[in-house]
Amino acid sequence: MSLWWFIHWEASNPVRHVFSRKGFQVGFVIGYIPWLIFWLTQQNFSQLAQQQVIGLIVGLQAMGSMFILVILVGAFSLASAVAGSISQYMLWKANTLPLRLLGAIGLVLILLGFGLQAVPSVMDLISMMGTPK
């Protein structure tokens with residue numbers, strides 16, 4: 001219940017800041033889990049399971065490599081944390097825009113997406129027009 005209260009907590013100040021602490025924390029947690037799953041799927045577990053750990057030094061090296069993996073995943077999830085902190089501000093800003101301006105921005109984004117999807121097809125057409133038959 002306290003986690004639900006933390007997620008839906010609203011500040012008494014109606015003006016949002018660009019970077020919010022709550023958005024940063026939620027973005028970090030939400031970004032950490034997929035990156036950790038991705039990096040764990042990239043590991044060769046059959047080789048790691050058959051690795052002979054003899055001695056303290058080899059065991060510490062294995063633990064160090066796991067620690068580096070966790071730190072690397074944390075560094076990648078910082079990008080998700082920054083996006084999470086900015087998304088709170090973007091949501092607040094989009095809610096304050098007039099509907100007509102919001103519709104115009106949506107139309108521009110739709111046309112931009114259509115144009116980007118058409119680029120490979122147009123490039124194929126241009127390359128076929130330049131080749132002799």
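This passage describes the confidence of a predicted model and the geometry of its helices α2, α4 and α5.

Over the chain, pLDDT averages 78, and 77% of the residues score at least 70. Confidence is lowest in helix α1 (residues 2-7), where the mean is 58, and highest in α5, where it is 91. Where pLDDT is low, the predicted coordinates should not be read in detail.

Helix α5 comprises 32 residues, 99-130. At 1.5 Å a residue, a span of 46 Å is expected, and the end C-alpha atoms of α5 lie 46 Å apart, so the two values agree. Helix α5 nevertheless bends by about 40° at Val119, and a proline, Pro120, follows within four residues.

Helix α2 (residues 21-41) packs against helix α4 (residues 56-96), with axes that come within 6 Å and cross at roughly 140°. Because angles over 145 degrees count as roughly antiparallel, the pair falls short of that class and α2 is oblique to α4. The crossing of α2 past α4 is right-handed. By class, the contact between α2 and α4 contains 15 nonpolar, nine polar and one charged residues.

Conventions:
Residues are numbered from 1 along each chain as its sequence is written. This is a predicted model: local features need pLDDT of at least 70, side-chain atom pairs count only at pLDDT 80 or more; totals for chains, interfaces and linings use all residues. Side-chain values use heavy atoms; hydrogens and water are left out. Helices (H or I, at least four residues) and strands (E, at least two) are DSSP runs, numbered from the N terminus. The expected span of a helix is 1.5 Å times one less than its number of residues. The bend at a residue is the angle between axes fitted to the seven residues ending there and the seven starting there. Axes are lines fitted to C-alpha atoms, for helices over the stretch in contact, and angles run from 0 to 180 degrees between N-to-C directions. Angles under 35 degrees count as roughly parallel, over 145 as roughly antiparallel, 65 to 115 as roughly perpendicular and the rest as oblique. A crossing is left-handed if the near helix is turned anticlockwise from the far one by less than a right angle, and right-handed if clockwise. Ala, Val, Leu, Ile, Met, Phe, Trp, Tyr, Cys and Pro count as nonpolar, Asp, Glu, Lys and Arg as charged, and the others, Gly among them, as polar. pLDDT is the predictor's confidence in each residue, from 0 to 100.
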